Amino acid sequence: MTDAAVHAVNPGPDRPVRLSGRQISKSFGPAQVLFDVSIDLHAGEVHALLGENGAGKSTLVKILSGYHQPTGGELVLDNASVSFADSEAGEKHGVILIHQELNLAEQLTVEENIFLGREIKRGWFLDKAAMRAETARLMDQLQCDIDPRTRIRDLPVSDRQMVEIAKALSKKADILILDEPTAVLTGREVDILFDQIRRLREQGVAILYISHKLDEIKTLADRVTVLRDGRHIVTQPVADLEKDDMARLMVGRDIRQMFPERAVPDHADVVLSVRGLSVTGAVRDASFDLRRGEVLGFAGIVGAGRTALMEAIIGLRDRESGEIARNGAPVSIRSLQDAKKCGIAYLTKDRKGSGLLLNMDMRPNLTLLALEKFGRILIDRKAEEAALEKAIEAFDIRAADPKTKVGDFSGGNQQKLLLAKVMETDPDIVIIDEPTRGIDIGTKSQIYHFIGDLTNRGKSVILLSSEMPEMLGLSDRIAVMAAGHITGILEGNDRNEHEIMRHATGISGKQGVSVHE
Ligand SMILES: Nc1ncnc2c1ncn2[C@@H]1O[C@H](COP(=O)(O)OP(=O)(O)OP(=O)(O)O)[C@@H](O)[C@H]1O
Ligand SMILES: [Mg+2]
C-alpha cells in the first residue's frame with residue numbers, strides 16, 4: 001500500500017474517530033446475522049457500507065444507533081465504551097439513523113412528524129408557529145415545495161423520504177447514518193441530498209451511507225466497508241476501488257452478463273392497446289400498444305403521469321375517457337380484480353403500501369393474491385409450500401429462517417418477495433414500477449434475466465424505472481411522458497438517453513396539465 005492510501009484509511013488526528021463498532025455480533029433467536037464486524041466512523045468522512053441484500057447492513061447500523069442491542073462486541077464513542085439502551089439514547093449522543101423503511105406517522109402532518117416527541121413549547125403550550133417556521137426553513141433548505149401542514153399519507157414516497165431527511169437534519173447529528181436514502185428519490189432530489197451530505201461532512205459530521213448504487217458511492221464516499229453474509233470483508237478508500245471491484249467484493253464472484261438476450265417481439269401481435277386515455281389532472285389523451293413478448297419502458301420525470309396512467313389502466317384510478325383492449329377486444333377494467341381477470345398484474349413502487357403482511361411469514365404473503373389457485377375454501381397447504389419453495393429458489397429470497405416475519409426481512413428480500421407474489425397470479429402482462437429498488441447488483445441481474453425469461457415465454461412487460469441503464473438495457477421501445485402526455489415512443493437507435501431527456505423535458509407543442517401523482 002502507498003503512503004497516500006495509508007493516510008486515507010487512517011485519516012489522522014485531525015479527523016478523529018467518533019464512533020466505532022468493535023467485533024459486533026448479532027443473533028435473532030438461533031440465526032446469527034453479524035459475525036465480529038468492526039467499523040470506524042471518522043469525523044468529516046463519508047463512509048459507505050456495501051453488501052448484498054441480507055448481508056447485515058441495516059442490522060449493523062441499527063446496532064450503531066441503539067435500535068438493536070448487539071449480542072457480542074462493543075460500541076466506542078469518542079474513545080469511551082458506550083451502550084445505547086435504545087434509539088433515544090443514541091440520538092442523545094448525536095447518533096441519528098435514517099431508516100431504510102420510512103418511519104413516519106402517516107396520519108400526522110409533516111411538521112408534527114418532524115417534531116414528534118420533541119415538540120417546541122412556550123411555557124405549557126406547544127409553539128406551533130415556531131415548529132411551522134422551522135419546518136418551512138428545513139423544507140426550503142432541501143428545496144422542497146412541501147407545505148408543513150400536509151399529512152404524510154397524502155405525500156408521494158419521494159417527498160416522504162425528504163421529510164425523513166429534514167427530520168434528521170433538524171436533530172443536529174454528530175454521526176448521521178443513512179440507510180439507502182436514495183432508493184426512492186428522483187435525480188434532482190439526490191443532488192440536493194448530496195449537497196447536504198457534503199455540507200455536513202465539511203462541518204465535521206461523521207456520515208455512514210448505505211446504497212446499492214455504486215455510482216453514488218464513487219462520487220460521494222471517502223471510504224467503503226463491504227459486508228458479506230454478516231462478515232466484514234474489507235475497508236478501503238473509494239479511490240482504490242472501481243465499481244467492478246466493489247461488486248465482486250460484495251458478491252464474492254464475477255457477475256454474469258447484466259442484461260438478458262431476448263427475442264425480438266412480433267410487431268403485429270398486440271396484447272394491450274390503450275386509446276385516448278385521460279385522467280383528470282394527471283394524464284391527457286394517452287395512446288399506446290403493447291406487443292406480445294415485449295418490454296415497453298415508460299420514462300419521464302416524476303410527476304409526468306406515468307404512475308397515474310398505469311393506475312388508470314388497472315382500475316385503481318378513475319378514467320375521464322379512453323378505451324382499453326386486450327388482444328383486440330375491448331375490456332372494462334374498474335378494479336384490480338378486473339385487471340387480474342384480464343391477466344394484468346401490477347407491482348407498485350411503494351413497498352410499504354403494497355400489501356405485504358408484515359406481521360406474517362412468507363407463505364401467506366406469497367399466496368395471498370392467488371388464493372384460488374390453492375383451493376377456494378380449504379387451502380392446499382402442500383401446494384402452497386411447493387409454490388413457496390419454488391419462489392424462494394426462483395427469486396433467491398434469503399431469510400435467516402423461513403418463519404421470519406416479513407417485516408423483519410431485509411429490504412431487498414421484501415422486494416423480491418413482492419415480485420414473487422405478483423408472479424404467483426401467472427399474469428400475461430406485468431406492469432412493474434421500479435422493480436429493482438433497493439436490490440443489490442447481483443440480484444438485479446437475476447431480476448433482469450427473470451424479466452427476459454418472461455418475455456421469451458410470450459408474456460409482456462411494462463417497465464417504469466428511474467434507472468437509465470435498466471430502462472435502456474431491458475426495453476424494446478421506450479414511451480416517454482411529460483406533463484401528462486406521451487411525448488414520444490422511441491425505437492431502434494432513438495432509444496438513447498439524449499432522446500429520452502429531450503422528450504421528457506419538452507412537451508412538443510402540446511398543452512400540458514398540472515399533475516398530481
Ligand atoms: N428483527 C429481526 N428478526 C429476525 N431476523 C432479522 C431481523 N432483522 C433482520 N433480520 C435478518 O438479518 C439478516 C440481515 O438483514 P439486514 O436487514 O441487516 O440486511 P441488509 O444488508 O440491510 O439487506 P438489504 O440490502 O436487503 O436491505 C436477514 O437475513 C434478515 O432477515
Ligand atoms: Mg437493509
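## Close-up views of a predicted protein model

**Figure 1. A pair of residues on two neighbouring strands.** V295 has V461, in strand β20, as its bridge partner. We start here, in what is a predicted model, and then widen the view. V295 belongs to strand β15, which covers residues 295–299, and β20 covers residues 460–464. The two strands run parallel and are joined by 4 bridges.

**Figure 2. The six-stranded sheet around β15 and β20.** This open sheet has 6 strands, and following them across gives β18-β19-β20-β15-β21-β22. Their pairing is mixed. As a reminder for newcomers, the strands of a sheet pair through backbone hydrogen bonds, either parallel or antiparallel. At the edges you will find β18 (344–347) and β22 (485–490); each has a single partner strand, so one side of each has no neighbour in the sheet. From one strand to the next, the twist averages 20°.

**Figure 3. Two helices lying across the six-stranded sheet.** Helix α15, made of residues 441–456, lies across β15, β19 (429–433) and β20. Its direction is at about 145° to β20. Helix α17, made of residues 497–505, lies across β15, β21 (477–482) and β22. The angle between α17 and β21 is about 30°.

**Figure 4. The largest nonpolar core, and a second one.** Which residues have the most contacts inside the largest nonpolar core? They are L417, V430 and I431, in a core of 65 residues. Helix α14 (residues 411–423) supplies the largest share of this core, with 6 residues. Look at I431 and, leaving aside residues up to four places away in sequence, you will see that I431 touches M310, I314, I344, Y346 and I462. A second core, separate from this one, has 62 residues, including I98, L185, A206 and I217. In soluble globular proteins, nonpolar side chains tend to be buried together.

**Figure 5. A covered helix and the glycine after it.** Is helix α2, residues 57–64, mostly covered or mostly exposed? It is mostly covered, with 8 of its 8 residues buried. Among these buried residues are K57, S58, T59 and K62, along with L60 and L64. After α2 comes G66, which has a positive phi, near 95°.

**Figure 6. The four-stranded sheet and its helix.** Here the strands form an open sheet in the order β14-β13-β16-β17, and the pairing is antiparallel. β14 (283–291) and β17 (329–331) are the edge strands; each has a single partner strand, so one side of each is left without a neighbour in the sheet. On average, and with direction ignored, neighbouring strands of this sheet are turned by 20° against each other. Between β13 (residues 270–279) and β14 there are 6 bridges, in the antiparallel sense. One place to look is V270, which stands opposite R291 in β14. Helix α10 (residues 306–313) packs on this sheet and touches β13, β14 and β16 (321–326). The direction of α10 makes about 115° with that of β13.

**Figure 7. Two loop residues with positive phi.** K172 is not a glycine, yet its phi is positive, at about 55°. You can find K172 in the loop between α6 (157–170) and β9 (175–179). K172 has 12 C-beta neighbours inside 10 Å, so it counts as exposed. N327 is not a glycine either, and its phi is positive at about 50°. N327 sits in the loop between β16 and β17. With 14 C-beta neighbours inside 10 Å, N327 counts as partly exposed.

**Figure 8. Where domain 1 meets domain 2.** The domain assignment gives domain 1 as 3–94 + 174–251, domain 2 as 105–172 and domain 3 as 256–343 + 474–517. The centres of domain 1 and domain 2, taken over C-alpha atoms, are separated by 26 Å. In the contact between them, 10 residues of domain 1 meet 10 residues of domain 2. Helix α7 (residues 187–202) gives the most to the domain 1 side of this contact, with 4 residues.

**Figure 9. Confidence along the chain.** The protein chain has an average pLDDT of 87, and 91% of the residues score at least 70. Over residues 1–10 the pLDDT stays under 50, and the model has 7 contacts for them beyond four places in sequence. Residues 507–517 also have a pLDDT below 50, and this stretch has 29 contacts beyond near neighbours in sequence.

How values were computed
Residues are numbered from 1 along each chain as its sequence is written. Chains are lettered from A and ligands numbered from 1 in the order in which they are written. This is a predicted model: local features need pLDDT of at least 70, side-chain atom pairs count only at pLDDT 80 or more; totals for chains, interfaces and linings use all residues. pLDDT is the predictor's confidence in each residue, from 0 to 100. Two strands pair if DSSP finds at least two bridges between them. Axes are lines fitted to C-alpha atoms, for helices over the stretch in contact, and angles run from 0 to 180 degrees between N-to-C directions. A nonpolar core is a set of buried Ala, Val, Leu, Ile, Met, Phe, Trp, Tyr and Cys residues joined through C-beta atoms within 7 Å. A residue is buried if 20 or more other C-beta atoms lie within 10 Å of its own, exposed if 12 or fewer, and partly exposed in between; C-beta atoms are placed from the backbone. Domain bounds come from an automatic or database domain assignment.
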